[in-house]
Structures are given as structure tokens and as C-alpha cells.
Amino acid sequence: MKTAICYFSYHHGNTKKVAEAMASAGGVDLIDLRTRQTVQLDEYDCVGLASGIYGFGVHKAVVDFARQYLPAGKPVFFVCTFAGAKGNGTKALREIAVEKGCPVLGEFGCRGFNTFGPFKLFGGSGKGLPSEADLQRAKAFYEGLLQK
Ligand SMILES: Cc1cc2nc3c(=O)[nH]c(=O)nc-3n(C[C@H](O)[C@H](O)[C@H](O)COP(=O)(O)O)c2cc1C
């Protein structure tokens, strides 16, 4: 299976680490949405959309990207990292998947280091996260998708 994981990760690179752990399973192209040039997702069997949670949701750039470039009917999965809880963070992506008839294969989330807002005063929350165990779970999640 050929997979593209399109990620947006700017705070501490937490989401990027998770995307890289998944990519270590093989057959994955990582696409950094902050630096990407043209993207052609048709050639992939499956697309992962990954983002930190910023203000209760994934970054707007990921939502805009999905709206514009996610091919109709393409199987997708979602990845997010967050400080506290992902809540309904991927709701906007789920809505786009429904609109485009893209089957949602699953969603992986874990906590990440955060120094946003008041947390900065205390040296941040979730120091050292995602942990090695989180990254192994991320890889196992992706390998599980390959079985589907
Ligand atoms: C501007 C901003 C807003 C954030 N809002 C939330 C939030 O609403 N809920 C939450 O759990 N974490 C929030 N966080 C923490 C990030 O989700 C967390 O640090 C994440 O792992 C960052 O991913 P990144 O390093 O890949 O950018 C926020 C961080 C920033 C910088």
C-alpha cells in the first residue's frame, strides 16, 4: 500500500514525530504542509491527515488542504497530537471525508509537549511527549491499517 501522510506540525514537531514513526513502517511519503509544493494524491492508496490541535481543532491549513486536494473516495485516516484532549479536534476533517465519500480508516491521537499559553510559565506540559511508547503505538496503529 502506498500512503501519503500530509502533516502540519509547527509547535514542537510533535505531530511530525508521530508521522515519522508511522512512516518507519514503510511505503509512506511524508508531505509537510508548511513547505509542500504541488501535491498529487491520486496515486496513493490511502491518505493520512495529521496536525496538532490548535484552539480545539486541527490547523486550518489542513482543513483547507483536505478540502482542495483530498481525492473523492480516497481512504483516509487522521492523526493528531494535543496537550490535554483531542475532543472534537478532527470534526472538520471528518465532515470533509463524508462530503467527499472518503472512508475513514481510523484515528490516532496522543499527547505532545506544549508550551502554549500559561503552560509556558511552568516549563510546559507533557515534557518528553510523544514518548517512545506513543511512537510505537503510532507505528502499530499504522501497521494495523495495512491489514484492513
Ligand atoms: C496556538 C496553540 C493552541 C493550542 N490549543 C490546544 C487545544 O485547544 N487543546 C489541546 O489539547 N492542546 C492545544 N495546544 C497544544 C498542542 O496541541 C500540542 O502541543 C501539539 O502536540 C502541538 O503539535 P506540533 O508540535 O506538531 O505543532 C495548542 C498549542 C498551540 C501552540
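Is A85 buried or exposed?

## Residue A85

In this predicted model, A85 has a relative accessibility of 58%. The cut-off for an exposed residue is over 50%, so A85 counts as exposed. A85 belongs to the loop that connects β4, residues 76-82, with α3, residues 91-100.

A second residue, F141, lies 56 residues from A85 along the chain. The distance between the C-alpha atoms of A85 and F141 is 19 Å.

## The sheet

The strand that precedes the A85 loop, β4, is part of an open sheet of five strands. Their order across the sheet is β2-β1-β3-β4-β5, and they pair in parallel. At the edges are β2, residues 28-32, and β5, residues 104-111, each of which pairs on one side only. From one strand to the next, the twist averages 15°.

Within this sheet, β1 (residues 3-8) and β3 (residues 46-52) run parallel and are joined by six bridges. Y7 has A50 of β3 standing opposite.

## Helices across the sheet

Which strands does α3 lie across? The helix that follows the A85 loop, α3, lies across β3, β4 and β5. The angle between α3 and β4 is about 175°.

Another helix, α4, spans residues 132-147 and lies across β1, β2, β4 and β5. Relative to the edge strand β5, α4 runs at about 180°. Both β4 and β5 are thus listed for α3 and for α4.

Notes: Residues are numbered from 1 along each chain as its sequence is written. This is a predicted model: local features need pLDDT of at least 70, side-chain atom pairs count only at pLDDT 80 or more; totals for chains, interfaces and linings use all residues. Side-chain values use heavy atoms; hydrogens and water are left out. Helices (H or I, at least four residues) and strands (E, at least two) are DSSP runs, numbered from the N terminus. Buried means under 20% relative accessible area, exposed over 50%, partly exposed in between (1.4 Å probe, protein chains only). Two strands pair if DSSP finds at least two bridges between them. Axes are lines fitted to C-alpha atoms, for helices over the stretch in contact, and angles run from 0 to 180 degrees between N-to-C directions. Contact means heavy atoms within 4.5 Å.
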